[in-house]
Amino acid sequence: MATFLIGLVILFGGGLLYGKFVEKIFGPDDRPTPAVSINDGVDYVPMKKGKNALIELLNIAGTGPILGPIQGILFGPIAFILIPIGCVLGGAMHDYLSGMISIRSNGKQMPALIKDHLGGKVYKVYNIFIIFLMILVGAVFIYTPGDLIVVNILKQQSVVNNPIVWIVYGCIFVYYLAATLFPIDKIIGRVYPIFGAILLLSAVGIFFGLFIKGYKLDNLTAANFAGIHPAGSPLLPVFFVTVACGIVSGFHSTQATLIGRSVSDEREGRHTFYDMMILEGFIAMIWAAAAMGIYYKGVPAELIGKPAVIGMVANDMLGSIGGFIAVLGVIVLPITSGDTSLRAARLMIADAIGYDQSVARNRVILTTAIFIPVIAILVFAKVNAQGFNILWQYFAWANQTIAVFAFAMISLYLYKLKKPYLVSLIPGMFYIFIISAYILGAKIGFGLPQNIANIIGVVLALVYAGLLINTGKKELSNVERLSA
């Protein structure tokens, strides 16, 4: 338990101090934000600080900060230290600066920011990649909450020939359609406070349940410091891909830029972006601890690391009624990420092709085009026995890959303004190593020996840093020459 509590101190104490430091680097001021200066009543809509923060939290907190830690805690108590450190230095900084740079750039979404700072060639690759990921997230986050509802709420089997499964999927799909199509303050802004209350209630219940139930939590020792995964998976790079959203998630940059269009004062940014990622880290810590505790109670081997653990933890800690509320809170998470991922996809495509979204007919046409592949992916994942597992593994890796693009954009932005760019360059280098070493060594990738994959990952991280610094020097030199 001591290591878990130390991790919480790192998370909240570090988040407070480093959050102020990152905010000082950016320097929010009194200039009008896009929500005020553009305000189109659809996507640029000023909303209150508390509502923006809650929407941001629900947008970024999918099933990643729960399912990831449930699997990640198999590496041992080192997870209680790596999650908060990564969240403070990497994830929260990534989310804050992505959102704030968007606000300073008239609410541009990530693809447009990538184009501005990394160039047209990188933009074309990133734009296709991120739109595909947003569509994939939408499909995955129909599948995941749908199955949780069918199994844990309706107490039925989530099999392809059960019509209840498809009815539940359809209901979630209809909600996503409405959230994607209508103005942000008409759907998302109104239902999220209800979702937020359920989420926070479930998280608080599981947190206090850890102490009331006296769950056994291991402490960090010299023997388990390097990770103790039962399958022998190496801590580096597998842990950081497994936990993903609880530490760093490229998906978050797309959500921060989305909600940035509703922030009415730059000084609200730290609470809206940085602090909400710290709260997501807290959710990840809670579920990592809960998973470790329930594993010690004798979870069947075939269920370890699986979503079924969610219901087991909730019912064991909180009983049938409290467990129902806790599971409902977990169901809320993917639903409130899936809807905004598809909304973000619509906005990204519209920005890329110059398709006016203030016209209702245009929103309907583009939304329809987006939902066709979502349905196809969902059917594939359910009909094919290994379909969802394949999609989820690639999704986890792709999610971290997108974060590298965001770190690179942030680094060049800071470099050109002669600000401390190392705050984003170092995490970017680390994640270039992680995604490279993972895909080169994984079975779903190239299957190289892990030591070889790690060496290549280090080399690519150094190349990444060199290219960014060299590009920054050239662009800064051009700016200085033109202004002379």
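Which residue just after H6 takes a positive phi? In this predicted model, that residue is Gly 119, with a phi of about 100 degrees. The protein around Gly 119 is built from 17 helices and zero strands. Its radius of gyration is 21 Å, close to the 23 Å that the globule rule gives for 484 residues, so the protein is as compact as a globular protein of that length. Here is a tour, starting with the whole and moving on to single helices, a pocket, the cysteines and a few backbone details.

**Overall picture**

- The C-alpha trace spans about 70 × 55 × 40 Å along its principal axes.
- Of the 484 residues, 58% count as buried.

**Helix H6 and its buried side**

- Helix H6 covers residues 110-118, and its buried residues are Met 110, Pro 111, Leu 113, Ile 114 and His 117.
- These residues lie on the same side of H6, because they cover an arc of only 160 degrees around the axis.
- A general point helps when you look at such a pattern: an α-helix has 3.6 residues a turn, so residues three or four places apart point the same way.
- Ahead of H6, the loop that joins it to helix H5 (79-104) holds Asn 106.
- Asn 106 is not a glycine, yet its phi is positive, at about 60 degrees.

**Helix H10, an enclosed segment**

- Helix H10 runs over residues 235-243, and it is largely enclosed by the rest of the structure, because seven of its nine residues are buried.
- The buried residues of H10 are Leu 235, Pro 237, Val 238, Phe 239, Phe 240, Val 241 and Val 243.
- Leu 236 also lies in H10, but Leu 236 is partly exposed, with a relative accessible area of 37%.
- Is the peptide bond from Leu 236 to Pro 237 cis or trans? The bond is cis, with omega near 10 degrees.
- Both ends of that bond sit in the helix, since Leu 236 belongs to H10 and Pro 237 has its place there too.
- Leu 236 and Tyr 438 are 202 residues apart along the chain, while their C-alpha atoms are separated by 8.4 Å.
- Just after H10, Ala 244 takes a positive phi of about 45 degrees.

**The second largest pocket**

- About 340 Å³ of space lies in the second largest pocket.
- Helices H6, H15 (387-416), H16 (422-441) and H17 (450-483) are the elements that give two or more residues to the lining of this pocket.
- Which helix gives the largest share of the lining of the second largest pocket? H17 does, with six residues.
- The lining has 17 residues, and those nearest the pocket centre are Val 122, Ala 408, Tyr 464, Leu 467 and Leu 468.
- By residue type, the lining divides into 13 nonpolar, four polar and no charged residues.
- Tyr 464, one of the residues nearest the pocket centre, is 8.4 Å from Gly 428, C-alpha to C-alpha, with their positions 36 residues apart in sequence.
- Gly 428 is part of helix H16 and counts as buried, at 0% relative accessibility.

**Cysteines**

- How many disulfides does a search of the whole structure find? The search finds zero.
- For Cys 245, the closest cysteine sulfur is that of Cys 87, 11 Å away, which is too far for a bond.
- Cys 245 counts as buried, at 8% relative accessibility.
- Cys 171 counts as exposed, at 51% relative accessibility.

**Backbone details**

- As a general background, most residues other than glycine have a negative phi, and most peptide bonds are trans.
- Lys 155 is a residue other than glycine with a positive phi, near 60 degrees.
- Lys 155 lies in the loop between helix H7 (120-153) and helix H8 (163-181).
- At 61% relative accessibility, Lys 155 counts as exposed.

Methods. Residues are numbered from 1 along each chain as its sequence is written. This is a predicted model: local features need pLDDT of at least 70, side-chain atom pairs count only at pLDDT 80 or more; totals for chains, interfaces and linings use all residues. Side-chain values use heavy atoms; hydrogens and water are left out. Buried means under 20% relative accessible area, exposed over 50%, partly exposed in between (1.4 Å probe, protein chains only). Helices (H or I, at least four residues) and strands (E, at least two) are DSSP runs, numbered from the N terminus. The arc is that of the directions from the helix axis to the C-beta atoms. A disulfide is a pair of cysteine sulfur atoms within 2.5 Å. On a 1 Å grid over the protein atoms alone, a cavity is a set of points where a 1.4 Å probe fits but cannot get out, and a pocket is an open set with protein on both sides within 12 Å along at least five of seven lines; lining residues have an atom within 4 Å of a point. Grid points are joined across faces, edges and corners, and a volume is the space filled by probe spheres set on the points. Ala, Val, Leu, Ile, Met, Phe, Trp, Tyr, Cys and Pro count as nonpolar, Asp, Glu, Lys and Arg as charged, and the others, Gly among them, as polar. The radius of gyration is taken over C-alpha atoms; the globule rule is 2.2 Å times the number of residues to the power 0.38.
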